[in-house]
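Trainee: Got a minute to walk me through this one? I'd like to start with a helix.

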Amino acid sequence: MSAQTQYNLKSPGVKRLMREACELAEPTDEYFATPLEDNLFEWHFTVRGPPNTEFEDGLYHGRILLPSQYPMQPPNIILLTPNGRFETNKKICLSISGHHPESWQPSWSIRTALLALIAFMPTSAAGTIGSLDYTKEERQVLAKKSKNWECNICGKILNKLSNNSAIKTLTKEESSLLSQIALKTEDETNTSENNDNELRHRTVNSVENRIDTEFVVFSEVQSQKDKLWSLVVWLLVFTITLLIIRRFFFV
Ligand SMILES: [Zn+2]
């Protein structure tokens, strides 16, 4: 990749993206993603619709936009192929995408995001950002059409995935992540709002605790200073009294 030289190779984000590009270099039969030739922070991907759903055999292409703080901040996913589940050309609201940065973890990756996207497709749209509620039949029609879809950068997407169905096994973390996402759809908006509030609440609490602690430390220091001062004052008073007594009785 000629673009390599234009990036700071010491930056953790760049290192991480280059490692992920190597790991994802071989297409699987479920997904394939690769950075644009001139931009390491924009990737294009193709995923296969999950089997036994209305998306079965559909091929869906899209963009992944990586923030400069990746992997500390989550990627944004934008679908380009019409699919009936997600609006095209719009950032998708997954529990691990940019709309929910509080639930993203830096150990997750582009592969995790793609697996989450596939797992998320058959779930109910439930009015979340960028979701569409097409009927099963409409989605099936779009799945068939999707094979002829072309990206104006990558060209035809039909041959982007491998036909070898040796599926990479999921790591423990990936499986637990995917199950979390499945749970999230049931009460998506409320849960995410509650999480937001809880997070804010927790932050406020911890700030308050810190202020309390600082105040206690400050008071302790203050009371020690006070003691020292009163000692000095008493010593002065004592010395002056001694001097006065000396003057009156010993002159
Ligand atoms: Zn493309």
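Trainee: Which residues of H3 are exposed?
Mentor: Glu 137 and Lys 144 are exposed, on the other side of H3 from its buried residues. Exposed is 12 or fewer other C-beta atoms within 10 Å of the residue's own, buried is 20 or more, with C-beta atoms placed from the backbone. Helices here are DSSP runs of H or I, at least four residues, and strands are runs of E, at least two, numbered from the N terminus.

Trainee: Before I go on, what sort of model is it?
Mentor: This is a predicted model: local features need pLDDT of at least 70, side-chain atom pairs count only at pLDDT 80 or more, and totals for chains, interfaces and linings use all residues. Residues are numbered from 1 along each chain as its sequence is written.

Trainee: OK, and which residues of H3 are buried?
Mentor: Arg 139, Leu 142, Ala 143 and Ser 146, in a helix that runs over residues 136–146. They line one face of H3, because seen down the axis they fall within an arc of 105 degrees, taken from the directions from the helix axis to the C-beta atoms.

Trainee: What covers them?
Mentor: Strand S3 (59–65) is included in the cover.

Trainee: New topic: what does Ile 64 touch?
Mentor: Ala 33, Trp 43, Phe 45, Pro 75, Ile 77, Ile 110 and Ala 113, leaving out residues up to four places away in sequence. Contact means C-beta atoms, placed from the backbone, within 7 Å.

Trainee: And what does the UniProt annotation cover?
Mentor: The unreviewed entry gives "transmembrane region" for residues 228–249; such annotations may be inferred rather than shown by experiment. In the model that stretch is 100% helix and 0% strand, with the end C-alpha atoms 32 Å apart.

Notes. Contact = placed C-beta atoms within 7 Å.
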